[in-house]
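Dear colleague,

I am handing over the structure below, together with a short account of what was found in it. Please read the account with the coordinates open beside you.

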Amino acid sequence: MTQSALHNHGHIQAHGAHGHGHAHGHSHGPAAPHPAQPAPWSILRMPVTTRLGAALAASAMLWLIVWLAMR
């Protein structure tokens with residue numbers, strides 16, 4: 001085998017090893033949307049008090065950043 005043949009052979013194997021093969025299409029039709037998947041977490045499922053606490057904590061953190069920047 002020549003040097004170029006060895007290089008080409010190794011190059012082809014390298015491309016196959018990390019996913020440069022042919023592409024597969026979607027399993028649904030082009031007009032159909034992707035199927036819905038269940039959300040693992042939702043802010044709407046949190047109790048109101050927890051949501052308010054999270055909002056207050058986020059607001060306090062943002063005000064802290066502003067306060068530190070103004071110092």
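Met-61, Leu-64, Trp-67 and Leu-68 together make a nonpolar patch on the surface, with an area of about 430 Å², and I should say at once that the model is a predicted one. Of these residues, Leu-68 has its place in helix α2, and with a relative accessibility of 46% this leucine counts as partly exposed, because the partly exposed class lies between the 20% and 50% limits.

As for the protein as a whole, the fold contains two helices and zero strands. The accessible surface amounts to about 6,800 Å², and carbon and sulfur atoms account for 69% of that surface. Of the 71 residues, 3% count as buried.

Where, then, is Ser-42 found? Ser-42 lies in the loop that runs between α1 (3-17) and α2 (48-70), and its relative accessible area is 19%, so that Ser-42 is classed as buried, the cut-off being under 20%. The side chain of Ser-42 also reaches the backbone nitrogen of Leu-44, at a distance of 3.2 Å, which counts as a polar contact because the limit for such a pair is 3.5 Å.

With best regards

Notes. Residues are numbered from 1 along each chain as its sequence is written. This is a predicted model: local features need pLDDT of at least 70, side-chain atom pairs count only at pLDDT 80 or more; totals for chains, interfaces and linings use all residues. Side-chain values use heavy atoms; hydrogens and water are left out. Helices (H or I, at least four residues) and strands (E, at least two) are DSSP runs, numbered from the N terminus. Buried means under 20% relative accessible area, exposed over 50%, partly exposed in between (1.4 Å probe, protein chains only). A polar contact is a pair of N or O atoms within 3.5 Å; within protein, one must be able to donate a hydrogen and the other to accept it, and residues adjacent in sequence count only if both atoms are side-chain atoms. Patches are made of residues with over 30% relative accessible area and no salt bridge: like charges are joined within 9 Å, nonpolar side chains (Val, Leu, Ile, Met, Phe, Trp, Tyr) within 5 Å. Accessible areas come from the Shrake-Rupley method with a 1.4 Å probe; for residues, only the protein chains shown count as cover. A salt bridge is a side-chain nitrogen of Lys or Arg within 4 Å of a carboxyl oxygen of Asp or Glu.
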